[in-house]
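Hi everyone, thanks for making time for this. I'd like to walk you through one structure today, going from the whole chain down to a few side chains.

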Amino acid sequence: MTASLVYWTVALANLGVIVACGARGVRAIRRGEVRSHRRLMLVSCALVALFLVSYLAKVAWLGKEDRSAWTALDHAFLYTHETCIAAMLIAGGYALYRGWRFQPLLRPGWAIPPGVDSLPGRERHRRAGSVAKWSGALAFVTAIGVWAGMLLRSTN
């Protein structure tokens, strides 16, 4: 197993944890557990940031992948994965921004105030979070396809 494949195996596991934290965070907010939701989403954000930094280090030390032996299907999985990651980053970033904006209204008890208009931007936050959740899940599924192709090529 090459160092690059080890890196991508760890990155795949990291993405799985990101998606799992996001799913648990969604369940937490549905139960009204604002603190748990916030904590889990911030853990997801930190893991995404950790991956981005680790990717820069990986490229610096190991270089980019040699895609000359990749099939059209391999490329399709990769491009779909990258598109899903971009959607997850943009939507998740926007949800984070919206959540940050109404965070003071949740304190001191970290409870959602009653009333439809009590949290300005709540619906946009929810929609952006939903896009981030589903694009993250699809990114994980397509990452498995990309990783499997790398694994198969490394055994040849």
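**A walk through the helices**

So, the overall picture: this chain has four helices and zero strands. Please keep in mind that what you see is a predicted model. Reading along the sequence, you get the pattern α-α-α-α. If you box in the C-alpha atoms along the principal axes, they fill roughly 60 × 25 × 25 Å.

Now some totals for the chain. Of its 156 residues, 33% are buried. The accessible surface comes to about 9700 Å², and carbon and sulfur atoms account for 68% of that. As for contacts, take the ones between residues at least 6 apart in sequence: 70% of these join residues at least 24 apart.

Let's look at one helix more closely, H2. H2 has 29 residues, and from its first C-alpha to its last it reaches 41 Å, which is close to the 42 Å expected at 1.5 Å a residue. Which residues of H2 are buried? They are Val34, Ser36, His37, Leu40, Ser44, Leu47, Val48 and Lys58, so you'll see serines, a histidine and a lysine listed there alongside leucines and valines. And what do they pack against? The buried residues of H2 pack against H1, helix H3 (72-106) and H4. Just after H2 comes glycine 63, and its phi is positive, near 80°.

On to the core. The largest nonpolar core has eight residues: Leu5, Tyr7, Trp8, Ala11, Trp70, Leu78, Val146 and Met150. Two elements give two or more residues to this core, namely helix H1 (3-30) and helix H4 (122-155). H1 gives the most, with four residues. While we're at Trp70, have a look at arginine 67 too: arginine 67 lies over the face of tryptophan 70, at 5.8 Å from the ring centre.

Two of those core residues deserve a slide of their own, Tyr7 and Trp8. Tyrosine 7 is buried, because its relative accessible area is 14%, and tryptophan 8 is buried as well, at 19%. Outside its neighbours within four places in sequence, tyrosine 7 is in contact with Phe51, Ser54, Tyr55 and Lys58.

That brings us to the aromatic rings. A pair of rings is described by the distance of the centres and the angle of the planes. How many aromatic pairs does a search of the whole structure find? The search finds six. In one of them, the rings of tyrosine 7 and tryptophan 8 have centres 4.9 Å apart and planes at 80°, so this pair is edge-to-face. Next, tryptophan 8 and phenylalanine 51: here the ring centres are 6.3 Å apart and the planes are at 50°, so we call the pair tilted. This pair links distant parts of the chain, with tryptophan 8 in helix H1 and phenylalanine 51 in helix H2 (residues 34-62), 43 residues apart.

Is phenylalanine 51 buried or partly exposed? At 24% relative accessibility, phenylalanine 51 counts as partly exposed, because the cut-off for buried is under 20%.

To put the rings together, Tyr7, Trp8, Phe51 and Tyr55 form one aromatic cluster. That's my tour, and I'm happy to go back to any part of it.

Note on methods:
Residues numbered from 1 in each chain as written. Heavy atoms only, no water. Core = buried A, V, L, I, M, F, W, Y, C linked by side-chain atoms within 4.5 Å. Buried < 20%, exposed > 50% of the residue type's maximum accessible area, 1.4 Å probe, protein only. Contact = heavy atoms within 4.5 Å. Phe/Tyr/Trp six-rings, centres within 6.5 Å; stacked < 30°, edge-to-face > 60°. Lys NZ or Arg CZ within 6 Å of the ring centre and 35° of its normal. Areas by Shrake-Rupley, 256 points an atom, 1.4 Å probe, with all protein chains shown as cover. Expected span 1.5 Å × (residues − 1).
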